[in-house]
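I opened a new notebook page for this one and went through the structure a piece at a time. Come along and check each entry as you read.

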Amino acid sequence: MAATSSSPLPRWMPTPSPSRPLWRWGGGMPDARNGTGTGAGGTDWSLGRLFPWQRRPAVAGVDGVEVAPTQRAATDIVDDPGVLLTWEDVCVTVAGGAYGGQPVSILRGISGHAGPGEVLAIMGPSGCGKTTLLDTLAGRLGPGVNETGLILINGRREKLAFGTSAYVTQDNMLMSTMSVREAVYYSAQLQLPGTMAAAEKRTHTDGVIREMGLGDAMDTRIGGRMTKGISGGQRKRLTICVEMLTRPRLLFLDEPTSGLDSAASYHVMSHIARVAAREGMTVVAAVHQPSGDVFDLFHSLCLLAYGRTIFFGAASDATQFFSQSGFPCPQLRNPSDHFLRTINKDFDEEIVESSKARRKTAAEAIDILTDAYQSPAYSEKTMNQIAEMKGITRCEVIMYTTALLTFMAIGGFPSFVEDIKVFRRERLSGHYGVAEFVISNTLSATPYLAAISVIPGAMLYYLTGLTKGADNFAYFVINLCMCTLLVESMMMIIAVIIPDFLMGIIVGAGVQGVMMLNGGFFRLPNELPKPVWKYPCYYISFHKYAVQGFYKNEFIGQTFPSNQLVEKNVTISGLQVLQEKLQVEMGYSKWVNIAILCGMMVVYRMMFFAIVKITEEVRPKRRGMKWKWCK
């Protein structure tokens, strides 16, 4: 729900993060053109190690300057989750001008989201609150401004560490006497860590400049009012270049196309879109009035009118939204021009075009469009996407916990192979039977398996911020314990069939990997190919029942606020997320999942018992057959 304090939103100013080191060194001098190099000791060096969230090499240039592709080994590419930015019911007010005057509302209930690799454009007429929204999301509102709302990064309130976010202001504040190379290198001296060698900073700086298409202007003076220098488009790209030295995962742009002609605007935004797609960056840009070609580069559009949301969604859907609301875009007209002409009430005497050719003022058009956006057809889509972004981090944590701790149970396989050898020797001596071994092994292993479930499980559960509550935590631990017992039972079967511990570990990991792929996380159950993968692999995978039990434990009883709807205090329930987004089977409770896991464990132990008994009966017969054959 929306906060009620005067300033509840996090201040995301860049701060060092000792818990998350930003820099990774390979030790050596890199080649800025190909991103690789070799140090004195022969150690490979790459920008992928320095900036682990780099994705793919560039394949195009800007302003006719071809950007050299970055070549890295496959082992240097790290899959970074990126930044999922969501905001709900954001309101911003400032104190009235006169003493004791009423606060002036700038933003009223703004909600939206932005994802990795995408460019979100914030548009609207002058004074609609574009820059204020951008400053609110970036945590840069000044004193005397009150804000309320809920802003989350990857589903959580958190402060971004240094180097993970950048803000490009509208004004190009650069030293006119410096060259392009000097300006970027001077900024590199301030932003990059002091442990980085000067030569490495210089080569990295040259690489970033070339990526922004400024390779031919490296040694050109920036210039200003008194001296001639680089062009306006190059100056704008240089400003962006300075902020992108640390490869931010979240980039805010305030009027990146202001003061540029249509060609320069397109080159700037097209390069930003390419870098965002290549690096997996989340880009939020406040744009005044883009050209048609620039508008086509945007993935999402947030259209504001005097503090209210007119439209939020895919940029390609905005034209259809206006048409369905009675304001179709004429042919051969730039969609962004049409949107702004429709909702700009500074010149209300102009005629607002409509499908019925009626005269409507811009104020009336704003009311019509706002009501149309608040209808379930559009607002519920935004609500569901925000709820999905909130839940995706929890799902990743749950799957990571299940995979990690169950794989830990494989570690006891070598000792279990030795136990099997001892059991067979003592079994031949008649010390005890198979049933006694199975029961005693289960009783003796349970405390240790419970320990490796409770201790790491408690750390992961509370550090990752899963649902707090003694009953939720108890279910979490019980589910983990059952998974480890089940994996132990599966490894007992493998140990009997494959007594070699190395091959046994390989086979056990392979079986678990196949089960994990069919557990309903990497691909939703309805998307699995029905032959083999869903029937029967999906239903015999213990990950299915473990993960769905975790999902029910985490989401049932939870509600996600969504104040952008017409009705106040409307929420989306965790049950809706489970049924519609995660496709969880809700015909039974989470404790039934535990019972199924327990039953699978018993079945595996019985299979182990049956295999041992059959082996005892078959082995003497095989020896007798071999003896007869030898005679």
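**Getting my bearings**

I began with the overall make-up: the protein has 19 helices and 16 strands. I noted at the top of the page that this is a predicted model. Next I looked up burial, and of the 631 residues, 50% count as buried. I also checked how far along the chain the contacts reach. Among contacts between residues at least 6 apart in sequence, 74% join residues at least 24 apart.

**The six-stranded sheet**

I followed one open sheet across its six strands and wrote down the order S8-S9-S10-S6-S11-S12, with mixed pairing. Which strands stand at its edges? They are S8 (165–168) and S12, and each pairs on one side only. Direction ignored, I found neighbouring strands here turned by 15° against each other on average.

I then looked at one pairing in detail. S8 and S9 run parallel and share four bridges. One residue pair to find on screen is Ala 166 with its bridge partner Leu 251 in S9. Helix H5 packs on this sheet, where it touches S8 and S9, and its direction makes about 160° with that of S8.

**Helix H6**

H6 also caught my eye, as it lies across S6, S9 and S10 and runs at about 140° to S6. I counted 18 residues in it, from 262 to 279. From first C-alpha to last, H6 reaches 26 Å, close to the 26 Å expected at 1.5 Å a residue.

Which residues of H6 are buried? I listed several, including Ala 264, Val 268, Met 269, Ile 272, Val 275 and Ala 276. The buried residues of H6 pack against a mix of partners, among them strand S6 (119–123), helix H4 (198–211), helix H5 (232–243) and strand S10 (282–286).

At the end of H6 I stopped at two charged residues. Arg 278 and Glu 279 form a salt bridge, with their closest N and O atoms 3.1 Å apart. Both of these residues are buried. Just after H6, Gly 280 takes a positive phi of about 70°.

**Nonpolar cores**

I moved on to the nonpolar cores. The largest has 89 residues, of which Leu 85 and Trp 87 touch the most other members. H6 gives the most to this core, with seven residues. I also found a second, separate core of 37 residues, which includes Cys 483, Leu 486, Val 487 and Met 490.

**The three-stranded sheet**

Another open sheet has three strands in the order S5-S4-S7, with antiparallel pairing. Why is one side of S5 and of S7 left without a neighbour in the sheet? Strand S5 (104–114) and strand S7 (145–153) stand at the edges with a single partner strand each, so one side of each is left free of a neighbour. On average, neighbouring strands of this sheet are turned by 5° against each other, direction ignored.

I checked the join between S4 (residues 85–94) and S5, and seven bridges hold this antiparallel pair. Within it, Thr 86 has His 113 in S5 as its bridge partner. Helix H2 (residues 130–138) lies across S4, S5 and S7, at about 120° to S4.

**More salt bridges**

How many salt bridges are there? The count comes to six. I had already met the one at the end of H6, so I looked up others.

Asp 367 and Arg 308 meet through their side chains at 3.0 Å, N to O. This pair links distant parts of the chain, with Asp 367 in helix H10 (residues 362–373) and Arg 308 in strand S12 (residues 308–314), 59 residues apart. Asp 367 is partly exposed, at a relative accessible area of 37%. Arg 308 also counts as partly exposed, at 25%.

Lys 544 and Glu 585 make another salt bridge, at 3.3 Å from N to O. Lys 544 lies in helix H17 (residues 542–555) and Glu 585 in the loop between helix H18 (574–581) and helix H19 (590–630), so the pair ties together parts 41 residues apart in sequence. Buried or partly exposed, I asked of Lys 544? Lys 544 is buried, with a relative accessible area of 1%, while Glu 585 is partly exposed at 27%.

My last entry is a network: Arg 181, Asp 206 and Asp 219 are linked by salt bridges.

Definitions and conventions:
Residues numbered from 1 in each chain as written. Predicted model: local features only at pLDDT ≥ 70, side-chain atom pairs only at ≥ 80, totals over all residues. Heavy atoms only, no water. Salt bridge = Lys/Arg side-chain N within 4 Å of Asp/Glu carboxyl O. Buried < 20%, exposed > 50% of the residue type's maximum accessible area, 1.4 Å probe, protein only. Pairing = 2+ DSSP bridges. Axes fitted to C-alpha atoms, helices over the stretch in contact; angles between N-to-C directions. Contact = heavy atoms within 4.5 Å. Expected span 1.5 Å × (residues − 1). Core = buried A, V, L, I, M, F, W, Y, C linked by side-chain atoms within 4.5 Å.
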